Amino acid sequence: MALKYEAREVTHGIERGFYAGIIQNEQGDYSFDKPKTFTGARAANVETSQENTTYYADNQTHIVLSSAKTTTGSVTLYQITKDFLVNHLGKEIDKNGALLDTGKYKNFVFGYVTLVDNENGEQTEELHIFYNTKAAAYAKSASTDEDSVSPLELEIPLTMSPSQFVKNKEGKAVTDITLRKTKENAAIFANIFDTVYVPQFWG
């Protein structure tokens, strides 16, 4: 009997990268700013790790316990907006436009879209959102131009944590979601820069 596979597919590219500030009012309620674009996004790399620890008793495995998940990564850009620098990358701006390293690193929502192609020539999109992201200082370098110009790439380290605002139907904090585009949810993809999508449930 021949094996039956699902349609073969690959995921590639990065587009419509965005970020949104996280707001907490005096009552402690959370909301999101309107998403803003990451212009010049080159790459996004995200890795979630979780360690298992084995405990032994009676000369055998007694139990295996899993640690909390840790999600880290980076976004690589050709340029960084002043808004992102000031609100999320620890910069202040003086009256002449100089960037000082005395600002704050505020948490934010980070998201982007990838493309998915299958062997039948069909293409769709996937939306990736991380609801509680913190950036760290990025490395800077400069080198002389030679025969060709190589644009400077800026890689910003990221740490993603569970969100106290976005939760599943049992009330568990959500770190990230992945949503594949369909005819039924296409409006979500059309409105990426209007509002931050949060999980929705029946009932």
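**Exercise 1. Contact range**

Among contacts in the chain between residues at least 6 apart in sequence, find what percentage joins residues at least 24 apart.

*Solution.* The model is predicted. Take the contacts whose partners sit at least 6 apart in sequence. Of these, 59% link residues at least 24 apart.

**Exercise 2. Fold and spread**

Count the helices and strands of the chain. Then decide how the radius of gyration stands against the globule rule.

*Solution.* Start with the elements: two helices and 13 strands. Next, take the radius of gyration, 21 Å. The globule rule gives 17 Å for 203 residues. The value is well over that, so the chain is more spread out than a compact globule. For the extents, the C-alpha trace spans about 65 × 50 × 45 Å along its principal axes.

**Exercise 3. Surface and charge**

State the buried share of the chain, its exposed area and its charged side chains.

*Solution.* Buried residues make up 28% of the 203. The exposed area is about 13900 Å². Carbon and sulfur atoms supply 47% of that area. Now the charges: 20 side chains are positive and 27 negative. The centres of the two sets lie 5 Å apart.

**Exercise 4. Thr-175**

Place Thr-175 relative to the strands. Is Thr-175 buried or exposed? Which residues does Thr-175 contact, leaving aside neighbours within four places in sequence?

*Solution.* Locate Thr-175 in the loop between β12 (154–160) and β13 (176–180). Its relative accessibility is 17%. The cut-off for buried is under 20%. Thr-175 therefore counts as buried. Finally, list the partners of Thr-175: Thr-71, Ile-129, Phe-130, Tyr-131, Met-160, Ser-161 and Pro-162.

Terms used: Residues numbered from 1 in each chain as written. Predicted model: local features only at pLDDT ≥ 70, side-chain atom pairs only at ≥ 80, totals over all residues. Heavy atoms only, no water. Helix = DSSP H or I, 4+ residues; strand = E, 2+ residues; numbered from the N terminus. Rg over C-alpha atoms; globule rule 2.2 N^0.38 Å. Buried < 20%, exposed > 50% of the residue type's maximum accessible area, 1.4 Å probe, protein only. Contact = heavy atoms within 4.5 Å. Areas by Shrake-Rupley, 256 points an atom, 1.4 Å probe, with all protein chains shown as cover. Lys, Arg positive; Asp, Glu negative; His and termini not counted. Charge placed at Lys NZ, Arg CZ, Asp CG, Glu CD.
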